[in-house]
Amino acid sequence: MKLIYKTALFSLIIIVSFWQVAFLQNSLKWDFIDAFLPARYFFSESILNNQFPLWNPYLLNGIPTYADLVSVFNPEFWIVSNMFGYSNITLQFIYLFYILIAGLNFQLLITKLYPNNSKWLSYILSISYMLSGVVVGNSQNLAVISGYALIPLVYLIYYLFLEKNNLKKAISVVLITALMSYTSYPALTIILAYLLFFTLLYFIISKKSNKKFLINLLKYHLIIFALLLIVVSPLLISYWQAKPFISQYSGLSQEIANQHAFTPQSLISFVLPFATGKEPSFFGTDISMSNGYFGIISLLLMVLSLVNIKKKKENILFLFLAIFSLIASFGDGFYLRNILFDFFPLMDSFRYPSLFRVFTIFFLILFIASSDISYLLSRNKKQSNIISLVIILFIGLAVFWSYKQIDSFVYFSDISFIDALKTSTIYDNIILQGIIQITILLVFLTINNSKKVNLNFHKLLFLIVVIDLFVATQLNIRYTVVEDKDPIKFSEYLKVLPKGFPLPDLKPQKLYNDKSFSNEFIWLNAGVFPKKPSYDGLISFKLNGFNYLTDNEPELFKATLNEGILFLSSDIKSTNDIKNYNSNTLFFADSVYQLLSKTSLKSSNLDSLNIYSFSPKHISAKVFNKNRSILTYQQNYFPGWHAYIDDIETPIYISNFTLMSIEIPNGKHTISFVYKNYLVLISYVVVIIIVISMLLWLILLSLKNNKTLQKKYLILSSFIILIFVSSTTLNRTSYNLNKEGFSKDFQLKLENIVSKYNNVNSLLCTKDQNFKNSGFKQILNIDRYNNLNRLNQILQENDSKYFVFAWSNEEINNELIELVNSYFSKKVESDIFGSSGFILFEKDINNNSYFIFDDFESEDNSDRIYTDTLSNNRLYQYFPDQEWGKAYEISTSDINVNKVEGLFFIADIYTDDSSSSPIAVVSIEENGQSIYWQGFEIKKYLNKKNMVSRFSFEYSFNTPLKSNQLIKIYVWNKSSSYLLIDNVKIKLKEE
């Protein structure tokens, strides 16, 4: 019951402190969305499709995802993927869960090491750890937060092992250290290993006269080391396999390793963390790395413990480790980090010296816990009063100095607090938090000197600490934790994305990048979500071949992107002479070039490729080539890839420094590229068996001769298994139904619609060939990237009254639905489930849904108006020398800015230039200046030249509109072509 009580109390504090996250009011920001969500989303999709996620084809021409040392082997990935699947919402709750684990683990550490400490004081220190500046500042780095949560438990188990020195504790050390290795950011594991070594030295020195103890210590450490090598072998194998292909694994330069330190200026965050939200140039580090706050009351207790320090037990050890970590966190601001870099193994393998501050906070709070703080508070009221007054004086001077630097205090102005956060200076932030901190310390002084509250002193102190850390969290939360994105809408976007692994098309790879995939929710590593193999992305490591190509031969890289993911070529050259190349030119090492050029290669217009099977680890295609040629797969070469022609393995040659090419004889063939890595798979399975065996041994040892406890464990384990199995079953069933696409139930509904309404046409958007006889009049591969011009043509030629627009496991966004809606303006029926659904439209001439409609029939500007002599229809024209034309303006004072969240821009467009690339633009202006604009390429909607096309562009306001802004919508003739525009429609999107 005590655990349930603590969990409920800590959970409540977390929910209140991070209410924007807990109640899904805001999304977490930066790497949380751009890096950690794509990685987990891909893992989840792989697991739900029964694939071990070894290779990710959707980033940087393919990466060995297992070689990222905080991914594939993390137990959290496997549990969450099976039970729920990853989404942005899932990940937000995981973030909160790790914060809870951090608090509970630290409380357990204090309770086990110092059971005589006051319960409420142990809660105070645990909350200080749980809501520290690391949790707030590094919220976007989930690997840091997960490691931070485990550090107290790892240290506790190792410390108890050093005290007890037995096999049971040794096995516990192996298991918890392995969990830390698989779950945490590697830098934290490396630093912790060194700090554990210092702790070991302390015990050796303190027990130097006990030879038996020291011999046992050596024996058990050998056992721990041997078992640990086995248990983390998948990580070691991954590192060993990837090291020759990832330069980062061979060590960083000292300059890179010292990036983003916890600079000496950042020490102000121990007192005034709100200051770190502004002017990162002053702090000389990233905004996420400058917050080391652990509570103003905890800081006071730390100083009180320091003043009364005694040379006893581990008190000095914890203080030494805290100071050591603090100095190392300064990076090149002090010598220690550079010494560690030069002389200590693995210390050159990670960036961010500020991560050392994690251990500064950990050991400072542990130092407080080891200092008989209950006794110090009760016996040294005068000292605590003096320390409080000194801190108040320091803060008061900082507030006074800051006040002298500003003209007016922004937080007392008429603007909202959120707007004030954006416009404030570091001085405003110091003043605001300084006033708060002084108030908190004055309240502490009051209760510290009141005789009436002696019995409830610790409870009141706990309440003050919670308020203090809640305020500190809320002040900084918009700087480093959340952003103004709706997580529920983000989740809805993820739900409608295709499930499984759709077949890639053979369009030029240059079309598939973060820019083309980005939207209001994602903008980096975006190809992972719609499942489009991409050359783009931003991750912690790149393969050396890809790096060399992009850095040293960027023009060759760009040229190759004009080809599809698979392409045939007969143009080969040696890397000794990189010049005069086309998009399909392939450069090979000279020895390979000499081998391949022995017989002639030739291309033909009759050559063909057709991809018929795809997953992250394989691609299969039917190939017909009239002559001998080279087939290239635009994925990076990495050990484990195999190629087959008609099921017979064939050599893979590295082309253009990183791509995979094979030699194809003439004729019809089936080719496959397959990635295999049995060593990693087998090692991981073996490790799982070993870990489960060790866990069972520890459990059975604990339950031996205790029948009551045996029953409790049996009930608890049965309950956990039941929850896991039922959640996994429900999750997989729902996923597979979504993946199945347009089911028989949907087809029956379609038949009912056809029988119910007369004059119905229908279109199904799908890549699945199983729907050929499903009753749809037209079945095409149409999504937001493919065949949009064909969709335009179908809609233009459709003369039926009703139109069924359906899709099966495809990414059909609002732009496409709005395009259809512009032809068939009335929605009659709809049924949407995940990434599949249909909408029945009806033609309705009385359509008043558009905020602006302009057909130019009454336009006065005769120089820009073209009149069709046959129809007398009037259109707006751009001549080749005219980039700009008519702009449509919407004043935010004329709309409800609290309800309008975006708009659709739809228009008909004509060009006689097949290379034309016009851009639809939405611009937000304030005080006559454009503060934000977004462009949208219209080209993918264009039919053949000399034909009218229609485009649909959705724009979502990334930040709330203000009443004094102007929205401008227009077409930018970027390519200087002749254009005609007609039937401009602008529709506002409202909540």
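## Partly exposed partners: Lys579 and Asp577

Lys579 has a relative accessible area of 45%, so this residue counts as partly exposed. Asp577 falls in the partly exposed class as well, because its relative accessibility is 39%; the class covers values between the 20% limit for buried and the 50% limit for exposed. Keep in mind as you look around that this is a predicted model.

What joins Asp577 to Lys579? The two residues form a salt bridge, and 3.8 Å separates their closest N and O atoms. Side chains of opposite charge can pair in this way when their charged atoms come close.

## A link between two strands

Let us turn to another pair, Lys968 and Glu925. These residues form a salt bridge as well, with 3.4 Å between the closest N and O atoms. Lys968 belongs to strand S27 (residues 965-972) and Glu925 to strand S24 (residues 919-926), so the contact ties together parts that lie 43 residues apart in sequence.

Is Glu925 buried or exposed? Its relative accessibility is 17%, so Glu925 counts as buried, the cut-off being under 20%.

## A buried pair and its network

In all, the structure holds 21 salt bridges. One of them brings together the side chains of Asp783 and Lys532, at 3.3 Å from N to O. This pair links distant parts of the chain, 251 residues apart. Asp783 sits in the loop between strand S15 (778-780) and helix H32 (788-797), while Lys532 sits in the loop between helix H25 (514-517) and helix H26 (544-552).

Both Asp783 and Lys532 are buried. They also have company: salt bridges with shared partners join Lys532, Lys767, Asp783 and Glu810 into one network.

## Strand S13 and its neighbours

Finally, have a look at strand S13, which spans residues 667-675. How many of its nine residues are buried? Seven are, so the strand is mostly covered.

Which strands pair with S13? Strand S7 (residues 618-625) runs antiparallel to S13, and eight bridges join the two. Within this pairing, His618 has Val674 of S13 as its bridge partner. Strand S9 (residues 641-645) also pairs with S13 in the antiparallel sense, over five bridges. Here Trp641 is matched with Tyr675 of S13 as its bridge partner.

When you follow these strands in the viewer, one general point may help: in a regular strand the side chains alternate between the two faces of the sheet.

Terms used: Residues are numbered from 1 along each chain as its sequence is written. This is a predicted model: local features need pLDDT of at least 70, side-chain atom pairs count only at pLDDT 80 or more; totals for chains, interfaces and linings use all residues. Side-chain values use heavy atoms; hydrogens and water are left out. Buried means under 20% relative accessible area, exposed over 50%, partly exposed in between (1.4 Å probe, protein chains only). Helices (H or I, at least four residues) and strands (E, at least two) are DSSP runs, numbered from the N terminus. Two strands pair if DSSP finds at least two bridges between them. A salt bridge is a side-chain nitrogen of Lys or Arg within 4 Å of a carboxyl oxygen of Asp or Glu.
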